[in-house]
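Okay, everyone, thanks for coming. Let me put today's structure up on the screen and we'll walk through it together.

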Amino acid sequence: MTHFLANRPISRQRGAALLTGLIFMVILTLLGITAARMAGLEERMSGNMRDRALAMQAAELTLRHAEQDILTSGRINGLTNFLDTCPGGRCYNGPQGLSNGTDWNASPVWMLVSMTAAPSVQYGQFLAPLVALNGLSALPRYLIEGIRKTPPGGGEEFYYRITVRAQGANPNTVVWLQEVFKP
C-alpha cells in the first residue's frame, strides 16, 4: 500500500474550496441578518397598526357618545348653554365641551383650544360610558361647537361640529375625527 501512495503525483492545493466556502458563509450571514431585521420591522408595523386601530375605534365610539350628549343629556338645546358673548363671536372658554361657532368659515375652535384638557370633555364625563375603554394611554376627549344657520325662508337650524381626539396605547398614536351632526 505504501507503494501506491508513493506513485501518486503531488499537486499543490490553491485554497479555492476555502475561498468559495467563506464567500458562501458571508452571503448566508447577510441573508440571516436581513431576515431578522425584516421580521423586527414587520412586528413593529403590525403593532403600530393595532395601536392605530385601537385609537380609531375609541374615536368612533366617542363621536357616538358626543351625539348622545347632544340628544339626551339635557344640557344642549339649540345654542342654550353655549356662550354667545365672546370676542369675535368665537367662544371657547365657556361651559365644558361647548363652544359657539356662528361662521362655518371662521377658524375652528378645536384648533384654538387644548384637546387634552378643558375645555374639551373626557369620554364619560356627562353620560355613562357606552363601553369601557381599556388599553388606551388616555381617555378620548371631545368638543362640541354649536352652529346656527338661517336657511332661506326663515327659521333656524342648529348644527353641531363634534371634534374628537383619541390616543392609542402609545401616547404618540393620535387619531382625530370630526363630524357635523344635525339632531
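**A walk through the model**

Let's begin with a tryptophan: Trp 176 is partly exposed, at 41% relative accessible area. Trp 176 sits in strand E5, which covers residues 174–181. One thing to keep in mind as we go: this is a predicted model.

So what does Trp 176 touch, leaving aside its neighbours within four places in sequence? The list is Trp 110, Met 115, Thr 163, Val 164 and Arg 165. Take Arg 165: it is 11 residues away from Trp 176 along the chain, and the two C-alpha atoms are separated by 4.7 Å.

Let me step back for a second. The protein chain has 183 residues, and 32% of them are buried. Its secondary structure comes to 2 helices and 5 strands, and read along the sequence the pattern goes α-α-β-β-β-β-β. If you take contacts between residues at least 6 apart in sequence, 55% of them join residues at least 24 apart. The accessible surface is about 11,800 Å², with 59% of that belonging to carbon and sulfur atoms.

Now, back to the strands. E4 and E5 form a hairpin, with 6 residues between them. They pair in the antiparallel sense over 8 bridges; one of the bridge partners to look for is Val 175 in E5, matched with Ala 166. Strand E3, residues 141–149, also runs antiparallel to E4, and 9 bridges join those two. There, Gly 146 has Tyr 160 in E4 as its bridge partner.

Is E4 enclosed or open? Of its 11 residues, 9 are buried, so E4 is largely enclosed by the rest of the structure.

Thr 163 is a nice example from that strand; E4 spans residues 157–167. Thr 163 is buried, at just 1% relative accessible area. Its side chain makes a polar contact of 2.8 Å with the side chain of Gln 178. Not counting residues up to four places away in sequence, Thr 163 touches quite a list, including Trp 110, Met 115, Arg 141, Tyr 142 and Trp 176.

On to the charged side chains. Side chains of opposite charge can pair when their charged atoms come close. How many salt bridges does a search of the whole structure find? It finds 4.

Arg 64 is a good place to start. Its side chain meets that of Glu 67 in a salt bridge, 3.1 Å from N to O. Those two are 3 residues apart in helix H2, which means about one helical turn separates them. Arg 64 is partly exposed at 31%, while Glu 67 is buried at 13%.

Arg 64 also forms a salt bridge with Glu 179, at 3.3 Å. That pair links distant parts of the chain, helix H2 and strand E5, 115 residues apart. Glu 179 is buried, at 18%.

Then there's Arg 161 with Glu 145, a salt bridge at 3.2 Å. Arg 161 is in E4 and Glu 145 is in E3, so the pair ties together parts 16 residues apart in sequence. Both of those residues are buried. Elsewhere, shared partners join Glu 60, Arg 64, Glu 67 and Glu 179 into one salt-bridge network.

Last stop, the surface. There's a nonpolar patch of about 710 Å², made by Leu 19, Ile 23, Phe 24, Met 25, Ile 27, Leu 28 and Leu 31. Ile 23 lies in helix H2, residues 16–72, and counts as partly exposed at 48%.

Notes
Residues are numbered from 1 along each chain as its sequence is written. This is a predicted model: local features need pLDDT of at least 70, side-chain atom pairs count only at pLDDT 80 or more; totals for chains, interfaces and linings use all residues. Side-chain values use heavy atoms; hydrogens and water are left out. Patches are made of residues with over 30% relative accessible area and no salt bridge: like charges are joined within 9 Å, nonpolar side chains (Val, Leu, Ile, Met, Phe, Trp, Tyr) within 5 Å. Accessible areas come from the Shrake-Rupley method with a 1.4 Å probe; for residues, only the protein chains shown count as cover. Helices (H or I, at least four residues) and strands (E, at least two) are DSSP runs, numbered from the N terminus. Buried means under 20% relative accessible area, exposed over 50%, partly exposed in between (1.4 Å probe, protein chains only). A polar contact is a pair of N or O atoms within 3.5 Å; within protein, one must be able to donate a hydrogen and the other to accept it, and residues adjacent in sequence count only if both atoms are side-chain atoms. Contact means heavy atoms within 4.5 Å. Two strands pair if DSSP finds at least two bridges between them.
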